[in-house]
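I opened the notebook to record what I looked up, one topic at a time. The entries below follow the order in which I worked.

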Amino acid sequence: YQLIYFWEPLADDELAKKFANNLVKILSKDQIIIYKCAASIGKYLEQTKKLDSVDIIEGYTLYKLKE
């Protein structure tokens, strides 16, 4: 398995936006993002037009690339 683990590494809003956009760029069709909201990266994951929120499990949102 490939795994990227992070805990809201960026407090700066512009850097958080860039991080989320770059994360989406490197995501493969068979991978998911498991995200627990702690700061602003989730806001940018929600705003991207390339991801679907597929489930919410115990406060964790699961995202995958749109088909």
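Entry 1, terms. Before reading any exposure values I fixed the cut-offs: a residue is buried under 20% relative accessible area, exposed over 50%, and partly exposed in between. I also noted that the model is predicted, and I treat every value below as computed from it.

Entry 2, salt bridges. I searched for salt bridges and found two in the structure. In one of them E67 is joined to K64, and I read 3.5 Å between the closest N and O atoms. K64 has a relative accessible area of 27%, which lies between the cut-offs, so I list K64 as partly exposed. E67, by contrast, has a relative accessible area of 80% and is therefore exposed.

The other bridge that I looked up joins K43 to D13, with the closest N and O atoms 3.6 Å apart. I then asked which parts of the chain this pair links. K43 belongs to helix α2 (residues 41-47) and D13 to helix α1 (residues 13-26), so that distant parts of the chain, 30 residues apart, are linked by the pair. K43 counts as partly exposed at 38% relative accessibility, and D13 also counts as partly exposed, at 34%.

Entry 3, strands. I turned next to the strand pairings and began with β1 (residues 33-36), which runs antiparallel to β3 (residues 60-65) and is joined to it by four bridges. Within this pairing I found I34 opposite L62 of β3, while the bridge partner of Y35 in β3 is T61. I checked the two faces of β1 as well: I33 and Y35 make up the covered face, whereas I34 and K36 are on the uncovered one.

For β2 (residues 51-57) I counted six bridges to β3, and these two strands also run antiparallel. Here I56 stands opposite T61 in β3, so T61 came up in both searches, having been listed as the bridge partner of Y35 too. The connection between β2 and β3 is a hairpin with two residues between the strands, and I noted that E58 in the turn has a positive phi of about 50°.

Entry 4, rings. How many aromatic pairs does a search of the whole structure find? I recorded zero. I did find a charge over a ring, however: K36 lies over the face of Y60, at 5.0 Å from the ring centre. K36 is the residue that I had already placed on the uncovered face of β1.

Entry 5, surface. I looked for nonpolar patches on the surface and noted one of about 500 Å², made by L3, Y5 and W7. L3 sits in the segment before α1, and at 75% relative accessibility L3 counts as exposed.

Entry 6, a contrast. Is G42 buried or exposed? G42 is in helix α2, and I list G42 as buried because its relative accessibility is 7%. For a comparison of position I took the C-alpha atoms of G42 and L3, which are 18 Å apart in space, the two residues being 39 apart in sequence.

Definitions and conventions. Residues are numbered from 1 along each chain as its sequence is written. This is a predicted model: local features need pLDDT of at least 70, side-chain atom pairs count only at pLDDT 80 or more; totals for chains, interfaces and linings use all residues. Side-chain values use heavy atoms; hydrogens and water are left out. A salt bridge is a side-chain nitrogen of Lys or Arg within 4 Å of a carboxyl oxygen of Asp or Glu. Buried means under 20% relative accessible area, exposed over 50%, partly exposed in between (1.4 Å probe, protein chains only). Rings of Phe, Tyr and Trp (its six-membered ring) pair if their centres lie within 6.5 Å; planes under 30 degrees apart count as stacked, over 60 as edge-to-face and the rest as tilted. A charge sits over a ring if NZ of Lys or CZ of Arg is within 6 Å of the ring centre and within 35 degrees of the ring normal. Patches are made of residues with over 30% relative accessible area and no salt bridge: like charges are joined within 9 Å, nonpolar side chains (Val, Leu, Ile, Met, Phe, Trp, Tyr) within 5 Å. Accessible areas come from the Shrake-Rupley method with a 1.4 Å probe; for residues, only the protein chains shown count as cover. Two strands pair if DSSP finds at least two bridges between them.
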